[in-house]
Structure formats: structure tokens, C-alpha cells
Amino acid sequence: LEQCNPWCWYLANDFQLFLLTPIVIMIFTANMFNGYLLIGFIIGSCTLAKFIMSSVYGFFPGHIGQPPGTDHEYWMLHQPYSNAPVWFIGVLWAFLYLSIKDKRFSTRFYEWVHSIYHKRAVRYSLYVVGYGLMYSMMVLIYPFVKHPEIPQFFRSLYIILMRPLFVTGLGLIMHAVFLNYGRPLLALLGHGFFGTLSKLTYSAYLLHNLVYAFFMSNLNSGHFFNIPDIYGWVAMCVLLTFIFAP
């Protein structure tokens, strides 16, 4: 099937998550324990499904160098089970944030989480842990690309943990902002620039594949891209988005 914008697969994917999330929220508000069980089941089962598919097809982390005759993007990106764990980890962070605003959703565990963030040493340690998780998940892809002899078990393990751990690390940092700590970060994220950026909605995503295709077609080999190249690619996406977005 020829598509004008094939990278818009995520619209159908997100829509299925949008349909499922209200059900989870209703169960959570009726009984928090059952809500946690349901979210845990969704995250666990979807993660297991992704691990199985990655192992069966022998997928590598990233988009490059996948086994011939396999559809990596279809199995590892386009399926709801691939994105549900990250989505519902975000939902868990949202519940934690909600407990700050609405005491009806507060629990002893939530109160304990909030209390440790009030301790500066612990809060700074969580900053380090959060940033470490985010950074390590980004750079660990290089050993897998350069050393294809790494066993499939570890490749699949990295594939299923990469994005969930990245989001977890981001949540460890952002929760301090929700509690009104991390004022430099709070000032940065509260700047009017991000208000303008937020109005662009999906425009960046609609354009990014054009930039990506041009970028990759001008490289001798996609295995040798580096961090400055990636930052330049992101900057180009943002620039084109501001130029062409309505």
C-alpha cells in the first residue's frame, strides 16, 4: 500500500492508546490497587511481546542493519505493544503528579516519594540517576551497532528497556519540577519559547522524515553517524518546522 506520509503510522497507534487510557483511568479512580495491577499487566505483557518478536526475528537496536527479509519498523515501532510500556509509564508519573494536586489520590507511597524529594542530597542524587539513565540509553546503542556478535538476548533486552528506562530517568528529573524544585529547569521549561513550540503540535513529526531521508542519503554509511550529526539533524527539523508549520 503506497502512502503519502507513511510515517503517520503513529496516529493509529496513538489512537488505540487513547481509547485504552480512559478505561485504565476509570479503573484506577474506582480502585487504585486494581488500576496499578492493570497497568503492570499492560506494561509487562507488552514488554514480553516485544522481547519475543525481537528475539524471533533477530532484530538489532536502531533502524540500520536489520536482518534481510524482516520488517523491523512494523514489529518494533508500528505495533501498539511496542509503545504501550512507555505510554503507561508516563501515566504512572501522571498519577504521581495528580497526588500532589488532589489528596484523594494520595497514598503512603506517594507521600514518601514526595518527602524524599524535599531532601536536597537525595533530590540531586535522583537528578544524576535520571540523567544517567537517559544518557546511557542513548549511547549504549553504539556497542550493539559496532559489535553484531553480541548475543541476541542482550540485544533484545536493550530494545525493550531503552525507551522505558529513558522515560523513567526523565520522570525522576521532572518530578522535582512538579514539586517546584529545580528552578533553573523550571524557568527554562516555563519560557514563552516553549509555548510557541507547543502550538506546532505534530508539524515537526510530519517534516522530520524528509530531513532524515536527505540526511541519510548523503552519508556513505549510516553506521558512522555521530552525536554532532544528530544534533544538527534535530536543529534542522526544528528550523523547518518553524518555517513551514501553520
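Begin by selecting Lys50 in this predicted model. Lys50 is buried and yet takes part in no salt bridge. The nearest side chain of opposite charge belongs to Asp14, which is 13 Å away. A salt bridge would require a side-chain nitrogen of Lys within 4 Å of a carboxyl oxygen of Asp or Glu, so Lys50 does not qualify.

Next, display helix H2, residues 32-57, in which Lys50 is located. What does the side chain of Lys50 make a polar contact with? Selecting Ser82 shows the partner: its side chain makes that contact at 3.2 Å. To view the surroundings, add Met76, Tyr81, Ile159, Ile160 and Arg163, which are among the residues that Lys50 touches beyond four places away in sequence.

Now turn to the aromatic rings. Searching the whole structure yields 15 aromatic pairs. Select Tyr97 and Phe178: the ring centres are 4.6 Å apart and the planes meet at 50 degrees, so this pair is tilted. Tyr97 belongs to helix H4 (residues 80-101) and Phe178 to helix H8 (residues 152-178), so the pair ties together parts that lie 81 residues apart in sequence. Tyr97 is partly exposed, at a relative accessible area of 32%; Phe178 is also partly exposed, at 34%.

Then select Phe28, Tyr36, Phe95, Phe109, Tyr110 and Trp112 together, as ring pairs link these residues into a cluster.

Finally, examine two arginines. Arg123 lies over the face of Tyr181, 3.8 Å from the ring centre. Arg155 lies over the face of Phe60, at 3.9 Å from the ring centre.

Methods. Residues are numbered from 1 along each chain as its sequence is written. This is a predicted model: local features need pLDDT of at least 70, side-chain atom pairs count only at pLDDT 80 or more; totals for chains, interfaces and linings use all residues. Side-chain values use heavy atoms; hydrogens and water are left out. Helices (H or I, at least four residues) and strands (E, at least two) are DSSP runs, numbered from the N terminus. Buried means under 20% relative accessible area, exposed over 50%, partly exposed in between (1.4 Å probe, protein chains only). Lys and Arg count as positive and Asp and Glu as negative; His and the chain ends are not counted. A polar contact is a pair of N or O atoms within 3.5 Å; within protein, one must be able to donate a hydrogen and the other to accept it, and residues adjacent in sequence count only if both atoms are side-chain atoms. Contact means heavy atoms within 4.5 Å. Rings of Phe, Tyr and Trp (its six-membered ring) pair if their centres lie within 6.5 Å; planes under 30 degrees apart count as stacked, over 60 as edge-to-face and the rest as tilted. A charge sits over a ring if NZ of Lys or CZ of Arg is within 6 Å of the ring centre and within 35 degrees of the ring normal.
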